[in-house]
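Reader: I should like to learn how the features of a structural model are read, one at a time. May we begin with surface exposure and proceed from there?

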Amino acid sequence: MCTGGCARCLGGTLIPLAVFGLLANILLFFPGGKVVNDKSHLSDEVWYFGGILGSGVLMIFPALVFLGLQNNDCCGCCGNEGCGKRFAMFTSTLFAVIGFLGAGYSFIVSAVSINKGPKCFMANGTWGYPFHDGDYLKDQALWSECKEPRDVVPWNLTLFSILLVIGGIQMVLCAIQVINGLLGTLCGDCQCCGCCGGDGPV
């Protein structure tokens with residue numbers, strides 16, 4: 001597969017992942033599927049917008065760039081035969097790095113939140129974090145320490161786990177595009193071989 005075609009495939013995969021990341025983060029604002037009257041009762045990590053910014057917005061732009069690479073003119077960079085596809089592939093590498101950082105941010109926020117557990121109304125009559133160092137992950141009986149919102153523990157755990165997986169996949173795909181983009185920058189795209197009257201790839 002040519003470097004442009006590979007980038008387009010990666011972009012097509014990143015778009016639905018970004019949408020799922022956005023939706024997962026939005027659902028976190030409704031713990032247990034219910035509206036919270038006091039926003040301060042939401043877990044701090046929800047407000048870090050890992051899925052909205054990291055896996056969402058910062059991933060949409062790289063994905064769109066990747067999708068457009070296959071249709072790029074091989075030699076249409078200001079009439080200069082030396083650029084065109086190579087410049088486009090180099091640009092995609094920069095966007096892939098941005099996407100990698102965004103996905104990494106979402107991944108870290110999700111991992112921290114999973115280890116920390118959700119913020120909830122505890123048995124002592126206060127709102128806080130009853131779990132420590134992910135202890136609730138091994139002992140489901142501890143979940144009863146969260147009185148309200150109802151089912152907030154499985155809700156947060158499921159959604160942040162989804163964001164963790166999405167962030168991890170996005171990081172891998174962006175890393176692949178960094179390598180693919182560098183190859184396209186150095187070696188050109190196979191579709192550009194002999195274009196502009198040249199004998200080799202441009």
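Author: We may begin with V35, which counts as exposed because its relative accessibility is 60%, where exposed means over 50%. Please bear in mind throughout that this is a predicted model. V35 sits in the loop between α1 (3-27) and α2 (50-69).

Reader: Of which nonpolar surface patch does V35 form a part?

Author: A patch is read as a group of residues. Here V35 is joined by V19, F20, L23, I26 and F30 in a nonpolar patch on the surface, and together these residues have about 540 Å² of accessible area. For the whole protein, the exposed area is about 9,800 Å², of which carbon and sulfur atoms supply 68%.

Reader: How many helices and strands does the protein have, and in what order do the elements run?

Author: The inventory comes before the order. There are four helices and three strands. Read from the N terminus, the elements follow the pattern α-α-α-β-β-β-α.

Reader: Where does UniProt place the feature "transmembrane region"?

Author: An annotation is best read beside the model's own geometry. The unreviewed UniProt entry places this feature at residues 12-31, 46-67, 87-108 and 157-176, and such annotations may be inferred rather than shown by experiment. In the model, residues 46-67 are 82% helix and 0% strand, with end C-alpha atoms 30 Å apart. Residues 157-176 are 100% helix and 0% strand, and their end C-alpha atoms are separated by 29 Å.

Reader: Is I166 buried or exposed, and which residues does I166 touch?

Author: Burial is read from relative accessibility, and packing from contacts. I166 belongs to helix α4 (residues 152-187). I166 counts as buried because its relative accessibility is 5%, the limit for buried being under 20%. Apart from residues up to four places away in sequence, I166 touches L17, F20, G21 and S55. One of these partners, L17, is 149 residues from I166 along the chain, yet their C-alpha atoms are 6.3 Å apart.

Reader: Which residues are in contact with S110?

Author: The reading is the one used for I166. S110 lies in helix α3 (residues 85-116) and counts as buried, with 1% relative accessibility. Beyond its neighbours within four places in sequence, S110 contacts F160, L163 and L164.

Reader: What part of the protein's residues is buried, and what share of contacts joins residues at least 24 apart?

Author: Such totals set the individual cases in context. Of the 202 residues in the protein, 45% are buried. When contacts between residues at least 6 apart in sequence are considered, 70% of them join residues at least 24 apart.

Reader: How many salt bridges does the structure hold, and which residues are linked in a network?

Author: Side chains of opposite charge can pair when their charged atoms come close. The structure holds two salt bridges, and D44, E45 and K116 are linked by them in a network. In one, the side chains of K116 and D44 meet at 3.8 Å, N to O. K116 lies in helix α3 and D44 in the loop between α1 and α2, so this pair ties together parts that are 72 residues apart in sequence. In the other, E45 and K116 meet at 3.4 Å, N to O. This pair likewise links distant parts of the chain, with E45 in the loop between α1 and α2 and K116 in helix α3, 71 residues apart.

Reader: Are K116, D44 and E45 buried or exposed?

Author: Each is judged by its own relative accessible area. K116 is partly exposed at 26%, and D44 is partly exposed at 31%. E45 counts as buried, with 4% relative accessibility.

Reader: Which cysteines form a disulfide?

Author: A disulfide is read from its sulfur separation, its torsion and its location. A search of the whole structure finds one disulfide, formed by C120 and C146 with their sulfur atoms 1.9 Å apart. The link of C120 and C146 is left-handed, with -70 degrees about the S-S bond. C120 is in strand β1 (residues 120-122) and C146 in strand β3 (residues 146-148), so the pair ties together parts 26 residues apart in sequence. C120 is buried, with a relative accessible area of 0%, and C146 is buried at 11%. By contrast, C6 is in no disulfide, and the nearest cysteine sulfur, that of C9, is 6.6 Å away.

Technical notes. Residues numbered from 1 in each chain as written. Predicted model: local features only at pLDDT ≥ 70, side-chain atom pairs only at ≥ 80, totals over all residues. Heavy atoms only, no water. Helix = DSSP H or I, 4+ residues; strand = E, 2+ residues; numbered from the N terminus. Buried < 20%, exposed > 50% of the residue type's maximum accessible area, 1.4 Å probe, protein only. Contact = heavy atoms within 4.5 Å. Patch = residues over 30% accessible without salt bridge, like charges linked within 9 Å, V, L, I, M, F, W, Y side chains within 5 Å. Areas by Shrake-Rupley, 256 points an atom, 1.4 Å probe, with all protein chains shown as cover. Salt bridge = Lys/Arg side-chain N within 4 Å of Asp/Glu carboxyl O. Disulfide = S-S within 2.5 Å.
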